[in-house]
Amino acid sequence: ASRKRLQSESRLTWSNELLPPNGVFVDFCAGAGHLGLVVAAARPDSTIYVVERKKQHTDIAQQRINIIGLKNANVANCDMNQFHVRFDVGTGLHACGPASDLIQSRCLAAGAAYVLAPCCYGFIAKALDRYKLSYVDANSNS
């Protein structure tokens with residue numbers, strides 16, 4: 001728990017530094033919005049998106065937004081490849097399997113800064129055939 005807290009604090013610090021005034025921040029694979037909602041509270045000048053495919057988590061994030069009264073926070077219940085909004089900073093904490101790679105790819109394609117703390121290294125090799133990441137295909141010998 002202490003390691004995850006340090007990772008969250010570090011992501012918050014870097015995200016705040018990288019986010020320009022009136023910028024757009026996206027928390028991919030955000031769960032119930034633990035980081036995104038803190039950024040929304042700390043940066044009322046910016047627009048924040050909590051992107052998560054699990055509806056039960058986005059329902060919780062939306063409830064929190066309503067209770068707190070955040071006007072600059074938005075919830076997107078979708079896969080990250082279905083999210084099509086211009087953004088300045090993207091982030092992800094412990095996005096499983098190749099999700100961290102996909103977040104990084106989305107940020108690079110958007111010309112956005114990113115702050116990531118990946119996980120699930122053991123599952124990436126198993127997922128390569130399933131997801132066929134373009135950088136893996138481009139560097140393969142087949």
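**Close-up 1. A salt bridge between Arg86 and Asp88.** In this predicted model, Arg86 and Asp88 are joined by a salt bridge whose closest N and O atoms are 2.9 Å apart. Arg86 counts as exposed, because its relative accessibility of 55% lies over 50%. A search of the whole structure finds 4 salt bridges, and two further examples appear in the next view.

**Close-up 2. Salt bridges of Asp45 with Arg43 and of Asp79 with Arg53.** Asp45 forms a salt bridge with Arg43, and the closest N and O atoms of this pair are 3.0 Å apart. Asp45 is partly exposed, with a relative accessible area of 32%, whereas Arg43, at 12%, is buried. In the salt bridge between Asp79 and Arg53, the closest N and O atoms are 3.9 Å apart. This pair links distant parts of the chain, since Asp79 lies in the loop between β3 (73–77) and β4 (89–93) while Arg53 lies in the loop between β2 (47–52) and α3 (55–68), 26 residues apart. Asp79 is partly exposed at a relative accessible area of 32%, and Arg53 counts as exposed at 57% relative accessibility.

**Close-up 3. Aromatic rings around Phe28.** The structure has 3 aromatic pairs. In one of them, Phe28 and Phe83 meet edge-to-face, with 6.1 Å from centre to centre and 90° between the planes. The pair connects strand β1 (residues 24–28), which holds Phe28, with the loop between β3 and β4, which holds Phe83, and the two residues are 55 residues apart. Phe28 counts as buried because its relative accessibility is 0%, and Phe83 is likewise buried, with a relative accessible area of 4%. Phe28 also forms an edge-to-face pair with Phe87, at 5.6 Å centre to centre and 75° between the planes. Here too distant parts of the chain are linked, with Phe87 in the loop between β3 and β4, 59 residues from Phe28 in strand β1. Both Phe28 and Phe87 are buried, and ring pairs link Phe28, Tyr49, Phe83 and Phe87 into a cluster.

**Close-up 4. Helix α4 and the residue just after it.** Helix α4 covers residues 99–110, and because each residue adds 1.5 Å, its 12 residues should span 16 Å, which agrees with the 16 Å between its end C-alpha atoms. Within α4, the buried residues include Ala99, Ser100, Asp101, Ile103 and Cys107. Just after α4, Gly111 takes a positive phi of about 70°.

**Close-up 5. Confidence along residues 136–142.** The pLDDT of the protein averages 84, and 82% of the residues score at least 70. Over residues 136–142, however, pLDDT stays under 50, and the model has 2 contacts for these residues beyond four places in sequence.

How values were computed: Residues numbered from 1 in each chain as written. Predicted model: local features only at pLDDT ≥ 70, side-chain atom pairs only at ≥ 80, totals over all residues. Heavy atoms only, no water. Helix = DSSP H or I, 4+ residues; strand = E, 2+ residues; numbered from the N terminus. Expected span 1.5 Å × (residues − 1). Buried < 20%, exposed > 50% of the residue type's maximum accessible area, 1.4 Å probe, protein only. pLDDT = per-residue confidence, 0-100. Contact = heavy atoms within 4.5 Å. Salt bridge = Lys/Arg side-chain N within 4 Å of Asp/Glu carboxyl O. Phe/Tyr/Trp six-rings, centres within 6.5 Å; stacked < 30°, edge-to-face > 60°.
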